[in-house]
Amino acid sequence: MAAGAILVNETVVEDLLWDKGRVVGVRAGRPQGEVEAQVVIIAEGVNSMLTQKAGLAQPLKPQQVALSVKEIISLPREKIEDRFALEENQGCTIELIGDAVKGMMGTAFIYTNKDSLSVGVGVLLSHLLANKINPNDLLERLKAHPLVKKLIEGGTTREYMAHMIPEGGYRSVPRLYGDGVLVVGDAAMLVNGLHREGINLAFASGMMAAQAVLNARQKGDYSASSLSLYKKLLEDSFVLKDLKKYKDAPEFLARNTHFFTLYPQLASQAAREFLTVDGVPKREKQRKIWQEIKAKRGLWGLIKDAIGLWRVMK
Amino acid sequence: MGFNQGCYRPVEGDEIVRLEEKLFLNRYVTDKQVHIKIKDPQVCLQCQDKPCTFFCPAGVYLWNEEEKRIEIG
């Protein structure tokens, strides 16, 4: 702003302006809403309508986005610090997979804020559709769980909100630039779902887009080939390096749902068996656990899963 | 031990917050005109599961069986 930027709030950009196949500005939904520009940086978030209009992205598919709902539940600060064993200015996050989201690909989460908790669920949209589940019902089910119920007891729900999260990963990243146009952040699918990262990728992509635009300005050339520097910067940074590392993980995990159903269940079953003091010798317990695992997944299944997981995570 | 052993369901007496009450917590500035339109209502007739009626977090879409169309609002 100090450098001379003009901020226009509460205005929807409805379309791009074109001239001979290149983007030359935007059309906003207000009188005299046409704004011309040498370059447009699209930062519209997950619902990438302009990116699609720019011809860079395809319409989103249900397997490329997670649908997340959450509540802000207010609680006195002392209660939060007590319940989550926190010192002043410490926070806590709890993420749950498995039955907490009915074995779908996704997580339930509880974050502590200063005077409130964020409690929510986020699940791959294609899995919600396949199981015909309403995300709010899933959230209420989570809140009723004995473990969660104790943590939120006495709290008041202040807000309820929903959001989509682009989780398609590397293979779903759209074309990142065109003639006179760049796309950053969620609109560019720059989210690392496995590591729960997105804001940092959005920041970084915004800075790299700015670098590419400054470079283009020096050359006086805003063509796609000039702006391709943006992609190069992303590729040389953690942003695309990390997404590339996990390029096959989203599809692999979405297809192998037993990672979210069978394995969490076997893990808690094994822990229960092993930690229950009932006079049964530990070696016998170990054998029982191993037999249960083999019965449910089979030796070949285990080997296949281990290799598969290594391939997509390494 | 069966798979469902660790599962839980809200039982009677559990306090379930209704969706309408939750939505009431949010302050809206609503437009006079509905901004969501179904381009081709014919598609809804062929649509088997009508997923929009159950996945929407705000419950915006309702199937009107009498009028055979999706209600928005």
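Modeller: A residue is buried if 20 or more other C-beta atoms lie within 10 Å of its own, exposed if 12 or fewer, and partly exposed in between, with C-beta atoms placed from the backbone. This is a predicted model, where local features need pLDDT of at least 70, side-chain atom pairs count only at pLDDT 80 or more, and totals for chains, interfaces and linings use all residues. Residues are numbered from 1 along each chain as its sequence is written, and chains are lettered from A and ligands numbered from 1 in the order in which they are written.

Biologist: OK, which residues of H6(A) are exposed on the other side?

Modeller: A:Ile199, A:Leu214 and A:Gln218.

Biologist: And how do you know that the buried residues of H6(A) line one face?

Modeller: They include A:Leu201, A:Met208 and A:Val213. Going by directions from the helix axis to the C-beta atoms, the buried residues fall within an arc of 145 degrees, so they line one face of the helix.

Biologist: What makes the span of helix H6 of chain A agree with its 21 residues?

Modeller: The expected span is 1.5 Å times one less than the number of residues. For residues 199-219 that should be 30 Å, and the end C-alpha atoms are 31 Å apart, which agrees.

Biologist: What is the largest nonpolar core, and which element gives the most to it?

Modeller: A nonpolar core is a set of buried Ala, Val, Leu, Ile, Met, Phe, Trp, Tyr and Cys residues joined through C-beta atoms within 7 Å. The largest has 38 residues, and H6(A) gives the most, with seven.

Key
Helix = DSSP H or I, 4+ residues; strand = E, 2+ residues; numbered from the N terminus.
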